[in-house]
Amino acid sequence: QELGDKLLSIKGFVFPESNKNSLTPEYMEQLKTFQIRDDDVYVVTFPKSGTVWTQRIITLLYEKELNESGEQTSYDLMPWLEFPNEGEDHSNRRSPRLFCSHLFENLVPEGLQERGKIIYVSRNPKDIMVSYFHFTRFMKILANSETYNELMEKFFSGRMIGGCWFDHIKGWYTNKDKYNILFLRYEEMIRDLRGAVVKICEFLGKNVSDDFINSVVKKSSFNYMKSDPKANYKSLPDDIVDHEQGAFLRKGTVGDWKNSLTVAQNEHFDRVYQERIKDLQLDFVWDF
Ligand code: A3P
């Protein structure tokens with residue numbers, strides 16, 4: 001379904017029109033029965049919640065298993081489940097397979113309820129919105145929102161990549177007991193990256209040395225990643241992104257919404273947010 005703004009939607013999942021060859025309704029359907037392996041690892045997020053960051057942490061942790069030659073980027077090593085590259089068939093990949101996904105809970109392979117591990121990273125939605133505002137300027141394949149008022153309406157109606165944030169978090173949160181899943185927050189990763197890396201290692205059953213953990217923490221820090229060609233997505237082609245206008249690693253802070261939303265916009269957001277999230281026992285870290 002065409003949504004305008006250069007976006008398409010399949011079953012409520014929204015993605016850029018430019019991905020229409022990789023994500024078709026048939027492929028979305030096939031994913032339901034995609035065969036999961038015990039040692040598969042999935043990072044699932046709503047866009048702008050720290051996907052690329054977590055993707056980097058995990059690919060660093062799996063350096064040995066992946067036989068990493070030092071040439072491959074984190075997105076080669078941990079590709080998108082729902083956007084396979086041309087000619088790529090995830091079924092043929094060697095184990096352990098690492099995946100990223102923005103899919104809703106009701107769209108991921110059913111086999112994930114039996115095997116495989118999921119790391120779900122959440123972030124407070126005001127910072128997601130601000131991050132997305134800048135992201136649309138950087139991504140040529142996305143339409144800009146001129147104002148935060150405009151973007152906020154898109155956020156509430158789900159007219160952005162990923163679709164509706166409320167549905168995403170609700171679906172994953174209320175069904176979490178069906179999966180082997182670790183919930184992480186972007187904000188806790190900011191506050192204590194080492195602690196988050198240790199948590200991830202424990203969840204994945206990785207027994208590694210302190211030195212190794214230290215090196216993963218160093219290489220996944222904001223500044224290191226920003227200048228690391230394997231992690232910073234600088235190799236994305238110019239017809240997709242405008243490297244002059246931004247970067248995947250933009251600011252990397254908590255509470256940037258305070259610099260971007262007016263008091264009235266913030267109050268409006270709070271009202272809608274309260275109304276739509278009220279049945280869930282969820283709280284977010286809005287600022288430190
Ligand atoms: P900001 O735009 O607020 O800076 P995603 O990867 O899901 O698209 O999320 C992008 C957000 O994660 C951006 O937020 C980006 O700066 C932040 N990010 C990426 N790597 C990071 C890191 N190593 N440390 C902190 N934030 C990071």
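Start by selecting F133: leaving aside neighbours within four places in sequence, F133 is in contact with S145, Y148 and L151 (contact means that the C-beta atoms, placed from the backbone, lie within 7 Å). Everything here comes from a predicted model, where local features need pLDDT of at least 70, side-chain atom pairs count only at pLDDT 80 or more, and totals for chains, interfaces and linings use all residues. Residue numbers run from 1 along each chain as its sequence is written.

**Around F133**

F133 sits in helix α4 (helices are DSSP runs of H or I with at least four residues, strands are runs of E with at least two, and both are numbered from the N terminus). Is F133 buried or exposed? With 22 other C-beta atoms within 10 Å, F133 is buried; the term asks for 20 or more such atoms, while exposed means 12 or fewer and partly exposed lies in between, with C-beta atoms placed from the backbone. Now add N144: its C-alpha atom is 7.4 Å from that of F133, although the two are eleven residues apart along the chain.

**On to helix α5**

Select residues 148–157, helix α5, and colour its buried residues Y148, L151, M152 and F155. Two of these names, Y148 and L151, you have already met as contacts of F133. The buried residues of α5 cover an arc of only 105° around the axis, so they lie on the same side of the helix; the arc is taken from the directions from the helix axis to the C-beta atoms. An α-helix has 3.6 residues a turn, so residues three or four places apart point the same way. Rotate to the face turned away from that side, and you will find E150 and S157 exposed. Show α4, α6 (165–174) and α11 (263–277) too, as they are among the elements covering the buried residues of α5. Following the helix is G158, with a positive phi near 75°.

**Helix α8**

Next, select residues 193–204. The twelve residues of α8 should span 16 Å at 1.5 Å a residue, and the end C-alpha atoms are indeed 16 Å apart; the expected span is 1.5 Å times one less than the number of residues. Which residues of α8 are buried? They are A196, V197 and I200, and because their arc around the axis is only 100°, they share the same side of α8. G195 and E202 are exposed on the other side. Packed against the buried residues are α2, β6, β7 (181–185), α7 (186–191) and α9 (210–219). Just after the helix, G205 has a positive phi of about 65°.

**The core**

From V197 and I200, step to I57, which touches both of them as well as V216 and S220, not counting residues up to four places away in sequence. I57 and M129 touch the most other members of the largest nonpolar core, which has 58 residues (a nonpolar core is a set of buried Ala, Val, Leu, Ile, Met, Phe, Trp, Tyr and Cys residues joined through C-beta atoms within 7 Å). Helix α4 gives the largest share of this core, six residues.

**The ligand**

Last, select the ligand and the 21 residues around it, of which T51, V52, S131, R250 and G252 come nearest (near means a C-beta atom, placed from the backbone, within 6 Å). The elements giving two or more residues to this shell are α2 (51–61), α4 (125–138) and α10 (222–226).

Technical notes. Contact = placed C-beta atoms within 7 Å.
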